[in-house]
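Reader: I am new to this structure and should be grateful for a close look at a single part of it. Please take one set of charged side chains and explain where its members lie and what surrounds them.

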Amino acid sequence: VQLQASGGGLVQAGGSLRLSCAASGRTFSTYATGWFRQAPGKEREFVAALSRSGGRTGYADSVKGRFTISRDNAKNTVYLQMNSLKPEDTAVYYCAAKPIYSSTDYYYTSEDVYAYWGQGTQVTVSS
């Protein structure tokens, strides 16, 4: 599966952005998906994750209550709605997908388990 992330940009603190991750090749309904981010000089970190069914979600403490991960099966796209943005949210955001071959329905917070990655989209939040 190929992943194409988009939707990044420059926004003032307190603003909102919605990132999109479009999949081609296979349907997202057979994958668990996640969003990660990497700020300059820092390691990539987990942001949000969605189980294969879309019924389970997980978030980093730093974004809980502000960010929402969701999926549109018809569009084969995963979204990250980001509200109340802060300057510390500035980073390159990556979407990732892990194929699921069983009926398990977990979400995954470790980047090591994801097999497919998008190219990243820059989010810059000004103070």
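Author:

**A salt-bridge network and its surroundings**

In this predicted model, Asp89 and Arg37 join their side chains in a salt bridge, with N and O 2.9 Å apart. This pair connects distant parts of the chain: Asp89 belongs to the loop between β8 (77–82) and β9, whereas Arg37 belongs to strand β4 (residues 31–38), and 52 residues separate them. Asp89 and Arg37 are both buried. For Asp89 the relative accessible area is 1%, and the cut-off for buried is under 20%, so Asp89 counts as buried.

Asp89 has a further salt-bridge partner in Arg66, where the closest N and O atoms are 2.7 Å apart. Because Asp89 is in the loop between β8 and β9 while Arg66 is in the loop between β6 (57–59) and β7, this pair ties together parts that lie 23 residues apart in sequence. Arg66 has a relative accessibility of 10% and therefore also counts as buried. The side chain of Asp89 thus makes a polar contact with the side chain of Arg37 at 2.9 Å, and a polar contact with the side chain of Arg66 at 2.7 Å.

These residues belong to a network of salt bridges that links Arg37, Glu45, Arg66 and Asp89. The count for the model comes to five salt bridges. One of these joins the side chains of Lys64 and Asp61, at 3.2 Å from N to O. Asp61 has a relative accessibility of 67% and so counts as exposed, whereas Asp89 is buried at 1%.

What else touches Asp89, leaving aside its neighbours within four places in sequence? Its contacts are Arg37, Arg66, Phe67, Ser84, Val123 and Val125.

Tyr93 also takes part in this region. Tyr93 lies in strand β9 (residues 91–99), and with a relative accessible area of 0% it is buried. The side chain of Tyr93 reaches the backbone oxygen of Asp89 at 2.6 Å. A polar contact of 2.9 Å also joins the side chain of Tyr93 to that of Arg37. Tyr93 therefore approaches both partners of the salt bridge described at the outset, through its polar contact with Arg37 and its reach to the backbone oxygen of Asp89.Not counting residues up to four places away in sequence, Tyr93 touches Leu19, Trp35, Phe36, Arg37, Val47, Phe67, Leu80, Met82, Gly120, Thr121 and Val123. The C-alpha atoms of Tyr93 and Leu80 are separated by 9.8 Å, and these residues are 13 places apart along the chain.

The strands named above lead to a sheet. Four strands make up an open sheet in the order β1-β3-β8-β7, with antiparallel pairing. β1 (2–6) and β7 (67–72) stand at its edges with a single partner strand each, so one side of each has no neighbour in the sheet. From one strand to the next, the twist averages 15°. β1 pairs with strand β3 (residues 17–24) in the antiparallel sense over five bridges, and Leu3 stands opposite Ala23 in β3.

Definitions and conventions. Residues are numbered from 1 along each chain as its sequence is written. This is a predicted model: local features need pLDDT of at least 70, side-chain atom pairs count only at pLDDT 80 or more; totals for chains, interfaces and linings use all residues. Side-chain values use heavy atoms; hydrogens and water are left out. Two strands pair if DSSP finds at least two bridges between them. Helices (H or I, at least four residues) and strands (E, at least two) are DSSP runs, numbered from the N terminus. Axes are lines fitted to C-alpha atoms, for helices over the stretch in contact, and angles run from 0 to 180 degrees between N-to-C directions. Buried means under 20% relative accessible area, exposed over 50%, partly exposed in between (1.4 Å probe, protein chains only). Contact means heavy atoms within 4.5 Å. A polar contact is a pair of N or O atoms within 3.5 Å; within protein, one must be able to donate a hydrogen and the other to accept it, and residues adjacent in sequence count only if both atoms are side-chain atoms. A salt bridge is a side-chain nitrogen of Lys or Arg within 4 Å of a carboxyl oxygen of Asp or Glu.
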